[in-house]
Amino acid sequence: MASDAEFGRRRRCCAQDTPDVPKVPDSRGDSDGPRRGSLCDRHCAAINNVQGDLGDLGCHLHCPRVPPAMSTPSCYQQHSEEVCESCVVKTTLTAENAVEANKLSNNYKFGFKKWKSHVTARPWEDRSEIVKELYSDLNVIRGSGGSTLTCGNVLYLLLFGWWLSLLYVLMAAVMFVTVIGAPYGRFCWDLAGYFLWPFGKVIQKVEVPKSHQAATGESSALLGGPTPRRWRPQCWAGTGYWHYASTVVWLCLAYPVLALAHGLVCVTAWLLIVLIPVAKLSARATSRVLLLPPERVLIRRLKMTEVPLEGEVIVCCYCAANPYYYKYAVDGINVFAVNLLPLVLVTLVLGYADSPNHLTGSAVKFTLALLSIMPLSYYIGMAIASISAQSNFAVGAVVNATFGSITELTFYITALIKGSREGNRCYAEVVKSALTGTLVGCVLFVPGLCMVIGGIRHQEQRFNSRSAGVSSALLFLSVGGVFAPTLFSKVYGKLVCGECHNVTQNPLGHYLCHNCHFDLMDNNGTLYYSHVQPLVYTVSILLPAAYLIGLFFTLKTHTHIYDIHVSDCHMPGHHHSAVVHWSRWRALVILLLSTLCMSACADLATEHISPILTNSTISQYFIGVTVLAMVPELPEIVNGIQFALQNNLSLSIEIGNCIAVQVCMLQIPILVLFTIFYPTNFTLVFSDLHVYASMFSVVLMNYIFMDGKCDYFQGTVLVMVYFILLAVYFFAPSPSGC
């Protein structure tokens with residue numbers, strides 16, 4: 001994900017740069033069409049002369065906001081709404097290569113996973129200076145860098161500097177005691193002062209005279225250059241027994257301790273992410289500085305106007321922390337996903353090796369399993385995007401349909417299997433709560449949060465209301481179909497109550513009852529098996545069919561709704577040859593391995609959720625709606641926020657809508673199909689709370705998205721309604737059967 005922050009997408013009017021882009025005629029069919037079309041053309045032609053950069057967005061829009069200098073206030077106020085309504089949907093994608101353009105085009109296709117991270121590497125010369133600094137080695141000397149007294153440097157001193165310097169002082173004392181290692185003792189003493197405050201200082205490798213270099217046979221550094229015929233560490237480069245003996249003492253006594261300390265610093269700083277420069281500093285010190293002979297190392301403080309003397313600069317660090325390292329990526333993988341990957345291994349080893357819970361309890365293992373789902377969801381998402389970008393449309397559609405919901409389905413199926421084996425209906429209720437929580441969260445929380453964060457940077461954001469209308473229509477259809485069996489049971493079911501008490505002490509008086517529900521199994525289940533179950537199967541067939549029709553509508557017959565074109569106007573310096581991070585086979589292997597690990601983590605989560613459901617005072621509704629529903633969607637939420645920050649709210653909204661549609665039209669029918677072959681306690685009859693919350697959320701979302709524009713206030717409304725529903729679930733009693 002860092003690579004996507006390095007290089008982005010740019011929104012500009014590109015009509016004069018891309019003459020080959022076909023014009024889409026106005027398809028509204030009203031009598032006012034020609035007048036609007038000509039007005040839009042004149043307006044867009046006027047603003048096409050402006051080539052202002054509107055953000056790191058990778059696509060060119062034909063109708064950005066017009067600066068005041070380009071139009072008179074009266075003309076702009078009169079025609080801005082009319083023009084933007086018709087030409088804001090005309091989008092031209094501009095990318096560095098064909099693979100990246102294919103990925104960007106897939107983001108706008110219904111049913112495809114929306115992925116912000118780039119799947120190809122961007123040329124170094126096209127990256128911003130901030131990103132270049134992230135990936136540069138610590139061997140560049142600046143001119144005047146200003147003061148080195150910063151909060152990040154002070155944090156380094158408090159976390160690592162003082163004890164690392166003290167350790168070097170102790171090693172210096174040890175080397176002086178050995179007498180023969182006195183040169184290395186002086187070396188450690190100098191490094192103690194350096195690592196106490198390394199900022200604004202430089203470590204150089206002093207050149208050796210050619211005569212001495214020929215005598216020793218050394219021609220390269222330890223970690224670079226040609227390898228001599230008989231390899232020796234550089235610290236053995238001296239002649240005579242004295243140098244050899246002192247080197248042996250150094251490598252046996254001091255170097256292992258210092259390497260271990262620097263390794264600890266490197267791992268800790270890398271996990272903190274913002275301190276990655278400290279990790280680079282420690283790694284370079286261990287692999288280069290400590291393996292050089294003392295006479296070839298020069299430590300000096302840089303002055304403001306001083307230019308270093310001859311010699312290779314090994315380490316030169318000015319700051320210990322950089323807040324932009326959240327953009328850092330390793331082989332296209334965001335640093336957060338890299339750091340969370342060991343957590344998956346710890347979860348699997350601890351979960352299966354410590355089955356009796358001797359080391360940790362069920363709560364810890366359940367938490368670790370849920371946290372492990374987040375990086376696995378990221379790897380699955382990037383693998384799907386990589387395969388789709390490098391394949392044709394048919395392969396991409398199959399991969400997205402097959403693995404697009406694999407994260408959620410894996411957990412739901414394992415939970416239903418465990419509940420069936422134990423005869424516990426609580427697992428089925430938790431799955432229903434998770435399904436409802438995903439639906440409500442993706443309809444309210446995801447777009448609302450994106451509107452709030454994007455509205456902080458952009459006063460008003462516009463989006464393609466026609467494409468959002470397609471998703472909204474499918475969402476209305478899917479919600480109605482999913483809850484049709486529930487409404488049917490409310491009409492024809494028999495109300496059964498338990499724990500009834502006579503309030504008035506009169507047999508004919510009022511009764512107060514608890515745990516009331518509609519019983520569908522009365523008269524040996526005739527109502528359920530003869531009426532409700534066939535309705536469930538019918539709905540489970542119609543919903544995927546409607547999903548396929550939606551795909552055909554948006555991707556085949558009505559593609560002009562999105563109006564996506566791939567432009568040839570590449571930015572200067574871009575290379576047309578794609579250097580992909582993951583090849584198709586590599587992405588496929590990672591996809592399968594991530595799916596396998598996801599199944600194992602889901603199994604551990606369902607294995608250790610039972611004590612939490614039994615002993616927790618929190619409603620099982622709340623656990624399913626929040627934790628189990630939204631944790632797997634965190635990578636999608638991050639993608640939506642990034643799109644919103646770059647003023648591309650259309651994709652932020654589509655992320656939530658597509659997930660919600662897939663929950664109703666794919667995930668629930670698959671679960672119903674699964675119960676046919678593996679009987680479970682899952683029935684497509686939801687509680688009243690789930691029905692009301694879902695329907696209210698869909699209606700509110702469609703009302704907010706009606707005009708095709710929004711701001712942070714409307715996003716705040718959606719987020720507040722979502723938290724109100726969470727409060728309702730929090731105080732709701734546990735479902736029957738739990």
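This report walks through a predicted model of one protein chain, from its overall make-up down to single residues.

**The whole chain**

Let's start with the broad picture. DSSP runs give 26 helices and 12 strands for the chain. Of its 738 residues, 53% count as buried. The accessible surface adds up to about 33,400 Å², and carbon and sulfur atoms account for 65% of that. As for contacts, take those between residues at least 6 apart in sequence: 81% of them join residues at least 24 apart.

**How far to trust it**

Since this is a predicted model, confidence deserves a look before the details. The mean pLDDT of the chain is 76, with 73% of the residues at 70 or more. By element, helix α6 (residues 151-177) has the highest confidence, at 93, while strand β1 (residues 59-61) has the lowest, with a mean of 37. Over residues 1-89 the pLDDT stays under 50, and the model shows 176 contacts beyond four places in sequence for that stretch. Residues 211-239 also have a pLDDT below 50, and there the model has 36 contacts beyond near neighbours in sequence.

**Salt bridges**

Across the whole structure, 12 salt bridges turn up. Here are three pairs, with the N to O distance for each.

| Pair | N to O distance |
|---|---|
| K113 and E636 | 2.7 Å |
| E129 and K132 | 3.9 Å |
| R186 and D190 | 3.7 Å |

The K113 and E636 pair links distant parts of the chain, with the two positions 523 residues apart. K113 belongs to the loop between α4 (98-107) and α5 (129-135), whereas E636 is in helix α23 (residues 634-645). Is E636 buried or exposed? E636 has 10% relative accessibility, so it counts as buried.

E129 and K132 make a local pair: both are in helix α5, three residues apart, or about one turn of the helix. Their surroundings are worth setting side by side. E129 is exposed, with a relative accessible area of 60%, while K132 counts as buried at 18% relative accessibility.

R186 and D190 pair up within helix α7 (residues 182-196); they are about one helical turn apart because they are four residues apart in that helix. D190 has 32% relative accessibility and therefore counts as partly exposed.

Beyond pairs, there is also a network of salt bridges, which links K418, E422 and E607.

**Around T606**

One member of that network comes up again in the contacts of T606. This residue is found in helix α19 (residues 584-607), and its relative accessibility is 1%, so T606 counts as buried. What does T606 touch, leaving aside residues up to four places away in sequence? The list is F411, T414, A415, K418 and Y427. K418 is the network member in question.

**A nonpolar patch on α6 and α7**

Back to α6, the helix with the highest confidence in the chain. W162, L166, V169, L170, W189 and L196 form a nonpolar patch on the surface, and together they have about 580 Å² of accessible area. Helices α6 and α7 are the elements that give two or more residues to the patch. The largest share comes from α6, with four residues. W162 is in helix α6, and with a relative accessible area of 48% it is partly exposed. Helix α7 is also where the R186 and D190 pair is found.

**One side of α17**

Helix α17 (residues 484-492) has three named buried residues: P485, T486 and S489. Why do they sit on the same side of α17? Because the arc they cover around the axis is only 105 degrees.

**Two backbone oddities**

Most residues other than glycine have a negative phi. V179 goes the other way, with a positive phi near 65 degrees. Its place is in the loop between α6 and α7, and V179 counts as exposed, at 55% relative accessibility. N647 is another non-glycine residue with a positive phi, about 60 degrees. That residue is in the loop between α23 and α24 (649-677). Helix α23 is also home to E636, the salt-bridge partner of K113.

Definitions and conventions. Residues numbered from 1 in each chain as written. Predicted model: local features only at pLDDT ≥ 70, side-chain atom pairs only at ≥ 80, totals over all residues. Heavy atoms only, no water. Buried < 20%, exposed > 50% of the residue type's maximum accessible area, 1.4 Å probe, protein only. Contact = heavy atoms within 4.5 Å. Areas by Shrake-Rupley, 256 points an atom, 1.4 Å probe, with all protein chains shown as cover. Salt bridge = Lys/Arg side-chain N within 4 Å of Asp/Glu carboxyl O. pLDDT = per-residue confidence, 0-100. Patch = residues over 30% accessible without salt bridge, like charges linked within 9 Å, V, L, I, M, F, W, Y side chains within 5 Å. Arc of directions from axis to C-beta.
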